[in-house]
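Me: I should like to learn how to read individual features of a structural model. May we work through one example together?

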Amino acid sequence: MLICLIIGSGVAGLATALSLQKAGHTPVVFEAYGGPSDGVGGFLTVAVNGFDALDTLGLKHAAAGLGFSTPRMSMYLGSTGRHLIDFEYGGALPDGTTARTLTRSELYSLLRTEATRRGIRILYGKRLRSVTETPDGVTAAFDDGTSAEGHLLIGADGLRSTVRTLIEPQSPPPRSVPLLNTGGIVPAGTMPAGTADTLPGQMKMIFGKRCFYCYMQDPDGRIWWFANPLQRASEDPSRLAPAAVRDWLAGLVSADRTPMAAIVTATPDIIRPYSTFDFPSIPRWHRGRMVLVGDAAHAASPSSGQGASMAFEDAVTLGRALQGISPETHTGGLIESAFTRYEGERRERAEAVVEWGRRNAAPKIRGQFKRAFEDLILKSVFRSLSRKAAENFDWVYRHHIDWEAGPGAGFEASVPPNTGQMR
C-alpha cells in the first residue's frame with residue numbers, strides 16, 4: 001500500500017484519490033485554500049466518456065442524478081435565426097446514460113463527500129512550496145511550515161500547476177484562446193413560458209453577430225446559458241460592476257433574432273467574464289516519483305466540453321497503472337514504470353482532445369468580415385460533419401478504460417482519424 005500525496009482537491013484531485021484507493025493505496029489530498037469550495041463556480045457538462053470512467057469509480061449512478069440530461073446540440077445563426085444542424089452530444093452508454101449539464105459545485109460536492117465517506121483525508125490551507133525526493137519516497141513542504149511524507153506525489157493543481165514546474169521547469173506557459181467565458185442560470189418562472197424556445201435537454205448554440213452563446217432549459221424550467229465574447233485588448237469586462245456586465249452582454253446579443261438579450265437581463269448572478277486558455281503539450285508528465293493529472297498536464301479549452309471527463313479518464317488510468325505496487329517491493333523503478341505506462345496511454349489522446357477543443361473554438365472567433373463569410377458556409381460544413389458523425393466524434397466519446405485488464409495491459413490510444421473535426 002503506497003502513501004500517495006495529491007496536490008489539489010478539485011475534480012481531478014478527488015477523482016484521482018478515489019481511483020488510487022480502489023487500486024489499494026492510501027491517498028492524502030492537500031488543498032491550498034482554507035476550506036472546501038462548495039457553491040463556487042459555474043456549470044459544466046460531463047460527457048458519456050466521463051460517465052464511463054466514473055462507473056469504474058462507482059460514481060456513475062450518483063453523478064447521473066445531478067443536473068439534467070443534455071444529449072442534443074442544435075446550431076443556429078443569430079443574424080437570421082436560421083437552423084444549421086443538430087448533433088448528438090456523444091450519444092448514450094448502453095444503460096442509457098447521456099451527457100449531463102450540472103453545476104461545478106454539485107460535482108465537486110459529490111466527489112468530496114464520497115472521498116470523505118471512504119475515509120480519504122483532505123487537508124486544507126496546504127499550499128505547496130517544495131518537494132524533496134529520496135530513494136524511498138517524497139517529502140512535500142507547505143507554506144504553513146508543515147510537511148508530509150509519501151511514496152509518490154501527484155500534481156492535480158490545475159492550469160497554473162506548481163508541481164508541473166517542479167517536474168519540468170522549462171514547460172511552456174498556457175496558450176491563450178481569444179475568447180472570454182461567462183454565463184448564468186435564470187430561475188424558473190422568471191420569464192414567460194416558451195421564451196427559451198428549446199426543449200429540455202436541447203443545447204441551442206448560436207453563432208451571433210457579435211458573440212457565440214448557448215442556452216438550454218432544464219426540466220424545472222430554469223434557463224442555463226453561457227457566452228464566449230471575443231477577448232479584445234481595448235476592454236476588460238472582468239473589471240465591470242455586475243450591472244455593467246449585464247448591460248454589456250445584453251448589448252452584444254441584442255441584434256440577434258433570439259431571446260438571448262432578455263435571458264441575460266433576467267439573470268440574477270452572472271459569472272464574471274474570464275479569459276480562457278488551453279495547454280497543448282509539455283515535455284514530460286512525470287519525473288521520479290512525481291506525476292501530473294488533469295489540467296496540470298493537458299488543459300483543454302471550454303469548447304472541448306471535455307475538461308472534467310478527461311480528468312476522470314486520467315484518474316482511472318493512473319490508478320490502474322499503480323495497482324500491485326507496494327512499499328515492500330523496490331518501488332522506485334516500479335513507480336516510474338507505472339507513470340510511463342500512464343503517460344503512454346494518455347498523452348496522445350489528451351493532446352488530440354486539446355487540439356480538437358481549439359478547433360471547436362475557432363468558428364466562435366468571428367470578426368465582421370469573417371462572420372459574413374462563415375454565415376454562408378457554416379450549414380454545408382456542419383452537414384458534411386454530420387454525414388461522418390461516427391468518424392468525427394466517436395474517438396472522443398466511445399473511449400473506455402478496462403480496469404480489469406490490469407497494469408501493463410495492451411492499449412490502443414483513442415485519437416481522431418484525421419484533423420478535420422470541429423463541433
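Me: Which residues of α2 are buried?

Reply: Please bear in mind that this model is predicted. A residue counts as buried when its relative accessible area is under 20%. In α2, that applies to Val48, Asn49, Gly50, Phe51, Asp52, Ala53, Leu54 and Thr56. Eight of the nine residues of this helix (residues 48–56) are therefore buried, and the helix is largely enclosed by the rest of the structure. Just after α2, glycine 58 adopts a positive phi of about 75 degrees.

Me: How should I think about the directions in which helix residues point?

Reply: An α-helix has 3.6 residues a turn, so residues three or four places apart point the same way. In this structure, a useful partner to examine is phenylalanine 312, whose contacts include Gly50, Ala53 and Leu54. Phenylalanine 312 also touches Val11, Ala15, Val46, Leu107 and Leu111, neighbours within four places in sequence being left aside.

Me: Which residues have the most contacts inside the largest nonpolar core?

Reply: They are Leu153, Ile154 and Phe312, in a core of 100 residues. Another core, of 22 residues, lies apart from it, with Ala196, Ile206, Cys211 and Trp225 among its members.

Me: Let us turn to strands. In what order do the three strands of the open sheet lie?

Reply: The order is β9-β10-β11, with antiparallel pairing. β9 (128–134) and β11 are the edge strands; each has a single partner strand, so one side of each is left without a neighbour in the sheet. On average, neighbouring strands of this sheet are turned by 20 degrees against each other, direction ignored.

Me: How many bridges join β10 to β11, and how many pair β9 with β10?

Reply: Four bridges join β10 to β11, while β9 and β10 (residues 137–142) pair over six. To follow the register, look for residues that face each other: leucine 128 stands opposite phenylalanine 142 in β10, and threonine 139 has glutamate 149 in β11 as its bridge partner. The hairpin of β10 and β11 has four residues between the strands, and glycine 145 there takes a positive phi near 90 degrees.

Me: Which side chains of β11 point to the buried face?

Reply: The side chains alternate along this strand: Ala148 and Gly150 point to one face and are buried, whereas Ser147 and Glu149 point to the other and are not.

Me: Is histidine 151 buried or exposed?

Reply: Histidine 151 counts as buried because its relative accessibility is 15%. This residue lies in the loop between β11 (147–150) and β12 (152–155). Beyond four places in sequence, histidine 151 touches residues including Met1, Asp136, Arg289 and Ile335.

How values were computed: Residues numbered from 1 in each chain as written. Predicted model: local features only at pLDDT ≥ 70, side-chain atom pairs only at ≥ 80, totals over all residues. Heavy atoms only, no water. Helix = DSSP H or I, 4+ residues; strand = E, 2+ residues; numbered from the N terminus. Buried < 20%, exposed > 50% of the residue type's maximum accessible area, 1.4 Å probe, protein only. Contact = heavy atoms within 4.5 Å. Pairing = 2+ DSSP bridges. Axes fitted to C-alpha atoms, helices over the stretch in contact; angles between N-to-C directions. Core = buried A, V, L, I, M, F, W, Y, C linked by side-chain atoms within 4.5 Å.
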